[in-house]
Amino acid sequence: MEGERVPGRVPERFGYRVKRLLLGPPLVTAQLRDEKLSNPAALGVLSPDCISSSAYGTEQMLAQLIPVAGVAGFALVMPVTGVILALLVLLTLSYRDVVMTYTRAGGSYVVARENFGPRVAQVAAVALLIDYVVTVAVQAAAGTDAVASMLQLLFHTDLGADKLWLTLSVVCLLCYGNLRGIREAGRAFSVPTYLFVLAAGLTVVVGLVRLAAGTLPRLTDADLHAAGAVPVGAPGEGLLMGASLFVLMRAFANGGSSLTGLEAISNGVGAFRKPQGVNARRTLVVMSATLGTLVLGISTLAWQTHAIPYTSGSPTVLAQEAHLVFGQSGFGQAMFTLVQVATALILYTGANTSFNGFPFLASFVADDAFLPRRLTLRGHRLAFSNGILVLTAVSLGLLIVTRGNVTRLVSLYAIGVFTGFVMATAGLARYHWRRQDKHRTLKTAVNAAAAAASAAVVVIFAVTKFTEGAWAVVVVFPIGVWALIRTNERYRAESAALNAAPATATTATRSRNVVLILVDRLDLAVITTLRYAHTLRPAHLRAVHVALDTTHAEHLRRTWAAHRAADVPLDLVDCPDRRLHRAIADLASRVSADGRTEVTLLIPRRAYGPIVGRLLHARSGDAIAHAVSRLPHVAATIVPFDVSAAIREHQRQGHSRAQGRGPTEDLPGPCVPPVKSSGDVPAASTSRRT
């Protein structure tokens with residue numbers, strides 16, 4: 001049975017049994033494999049984050065235009081969309097170059113590292129890590145808005161505050177699934193992508209056909225001023241006051257969220273079949289064309305139908321368009337439901353792409369020693385569990401702070417996204433400038449233009465959205481880069497110190513070994529340590545008690561002297577100032593000061609439950625070991641003893657004795673098993689005070 005003790009086998013801990021129950025049996029490293037994808041499968045798997053951004057890009061532009069430009073904002077959305085599509089073309093040309101030049105995973109981080117060095121590459125690392133975190137929050141919140149819009153327009157049901165709880169639950173579910181080992185290459189993830197492209201594409205096509213036929217409905221003035229809709233400014237008032245450029249810049253900054261996820265294919269080139277670069281380039285072009293078509297179509301329908309954003313996020317602009325395009329008939333309602341379900345699925349799937357990208361990127365950066373190396377470790381199911389948990393925690397915190405509002409979240413989005421674009425495109429421009437390849441000048445110019453345009457977006461976003469939340473990214477960004485560089489400097493310093501060991505480190509330099517056992521009370525943990533000490537066969541073996549409490553020290557001395565198995569002398573070390581660590585370090589230093597003695601400190605450590613142990617017991621063993629680690633010719637060894645297991649064993653034995661001998665009060669009291677003496681240790685049971 002699970003958890004039953006088997007002779008010769010260490011029983012599994014309770015925590016591991018719970019993990020196995022929740023996550024399933026562990027996967028062995030041999031099961032780690034890379035799944036190569038065809039172009040259609042790769043498009044479905046790698047593009048949800050990018051294509052799904054069309055579901056909220058137009059809405060974010062209108063949210064900035066309508067309150068200032070009024071009804072004219074519906075027309076202004078078209079030129080703003082045109083500028084965004086032009087930037088999409090420029091970035092697509094540049095990323096076609098990225099996937100042909102760098103076929104390893106890592107995207108802009110690898111490009112920046114190869115062309116600017118590892119320290120500058122941390123700018124790209126921070127940008128991508130922020131991008132992944134915000135992507136989870138934005139996509140999950142937008143997916144919930146799609147669900148809420150369907151319920152609101154079909155059943156007149158408002159989720160209200162439950163929207164946030166649904167979003168948080170989705171993120172937790174994605175975390176759980178990825179801890180179990182959901183693979184990005186799973187072809188099932190391509191279904192929501194194609195379903196959304198079909199549903200949203202039909203909405204655009206049918207809407208344009210009805211527009212050409214003159215039958216496309218438009219929201220009335222009463223609908224535009226409905227409760228919860230963003231306020232509609234007076235026509236032309238904002239523009240006549242000289243704010244037109246600033247308003248357009250804000251709309252452009254918000255609409256830049258439509259381009260998020262464009263780098264996904266460059267991060268997953270290794271998942272393509274050979275020739276990887278060619279296949280990734282073709283898929284990238286198809287993805288960008290699909291995104292551009294949907295963004296243009298949805299913006300056109302918004303211009304004509306006057307679908308208006310709502311402050312709560314629902315009903316969404318896309319939901320209103322689908323509701324108007326397909327009408328109120330049974331078929332129309334079914335098509336509207338299809339659009340909303342497909343939208344929610346691709347948005348939630350887009351959130352899941354970060355659960356693959358963030359842990360892998362964190363492992364790359366950690367492997368370069370700029371993040372804690374624990375992020376390079378694969379967990380129970382071969383996933384980078386630590387990275388998944390970090391991403392989940394930060395994303396949940398971000399959703400709680402912003403209350404799951406997509407507009408507020410988008411204010412944090414573009415700086416990270418477009419900084420990544422800057423690093424990738426600038427890196428490619430530098431790469432081509434230093435080579436003498438064919439079309440060198442053209443490639444350098446294209447990538448330099450993309451870098452300049454992306455940098456302009458970063459500046460525009462930081463200025464226009466600073467007070468709406470972009471300040472947080474502006475502050476966190478340099479702190480993050482500084483922290484990564486400091487982490488690397490720490491690792492480099494540690495490596496330099498550890499590699500500076502003398503050549504004679506493997507040869508004993510002192511001939512005499514004295515073992516000191518630190519004792520605070522006499523129990524099974526100390527007896528276990530005594531047994532281990534005898535196996536070391538030291539020249540001299542002593543037990544040491546630092547007397548912080550004279551009454552307790554005297555009681556321990558009598559107990560030690562009376563114990564028939566304690567054949568090791570006990571020294572009492574006075575410590576009137578109660579500086580335990582200092583007293584032990586001074587003692588070890590004195591013993592090793594003769595020039596021929598190596599000192600080994602054995603520290604019994606009683607291992608309790610993780611919660612009870614921290615609450616009920618002081619854990620000073622590690623601190624003592626750290627204090628003496630600075631001393632030459634002194635080593636500290638911690639000897640663990642599992643108290644929880646001893647409690648269970650004692651209870652089991654007591655139950656067995658009670659069944660065999662009668663009432664438990666007739667049983668003998670607990671006893672300490674004897675310790676066999678080593679020939680090198682004096683047999684007399686003595687104690688002395690030092």
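**Exercise 1. Find the helix that holds valine 99, and work out what the residue's surroundings look like.**

Step 1: Valine 99 sits in helix H5 (residues 72-101); helices here are DSSP runs of H or I with at least four residues, numbered from the N terminus.

Step 2: Check the accessibility. Valine 99 has a relative accessible area of 1%, so it is buried (buried means under 20%, exposed over 50%, partly exposed in between, with a 1.4 Å probe and protein chains only).

Step 3: Look for a partner far along the chain. Isoleucine 265 is 166 residues away in sequence, yet the two C-alpha atoms are 7.8 Å apart in space.

A word on the ground rules: this is a predicted model, where local features need pLDDT of at least 70, side-chain atom pairs count only at pLDDT 80 or more, and totals for chains, interfaces and linings use all residues. Residues are numbered from 1 along each chain as its sequence is written, and side-chain values use heavy atoms, with hydrogens and water left out.

**Exercise 2. Describe how helices H18 and H19 pack.**

Step 1: Two packed helices are described by the angle between their axes and the distance between the axes.

Step 2: For H18 (residues 413-433) and H19 (residues 440-464), the angle is about 160° and the axes are 8 Å apart. The axes are lines fitted to C-alpha atoms over the stretch in contact, and angles run from 0 to 180 degrees between N-to-C directions.

Step 3: That angle makes H18 roughly antiparallel to H19 (under 35 degrees is roughly parallel, over 145 roughly antiparallel, 65 to 115 roughly perpendicular, the rest oblique).

**Exercise 3. Trace the salt bridges around arginine 521, then look at the one between glutamate 554 and arginine 557.**

Step 1: Use the cut-off: a side-chain nitrogen of Lys or Arg within 4 Å of a carboxyl oxygen of Asp or Glu. The whole structure has 15 such bridges.

Step 2: Arginine 521 pairs with aspartate 520 at 3.4 Å and with aspartate 523 at 3.3 Å, N to O.

Step 3: Compare the burial classes. Arginine 521 is partly exposed at 34%, aspartate 520 is partly exposed at 33%, and aspartate 523 is buried at 18%.

Step 4: Glutamate 554 and arginine 557 meet at 2.4 Å, N to O. They are three residues apart in helix H22 (residues 550-562), so about one helical turn separates them.

Step 5: Back to arginine 521: shared partners join Asp520, Arg521, Asp523 and Arg606 into one network.

Technical notes
Helix = DSSP H or I, 4+ residues; strand = E, 2+ residues; numbered from the N terminus.
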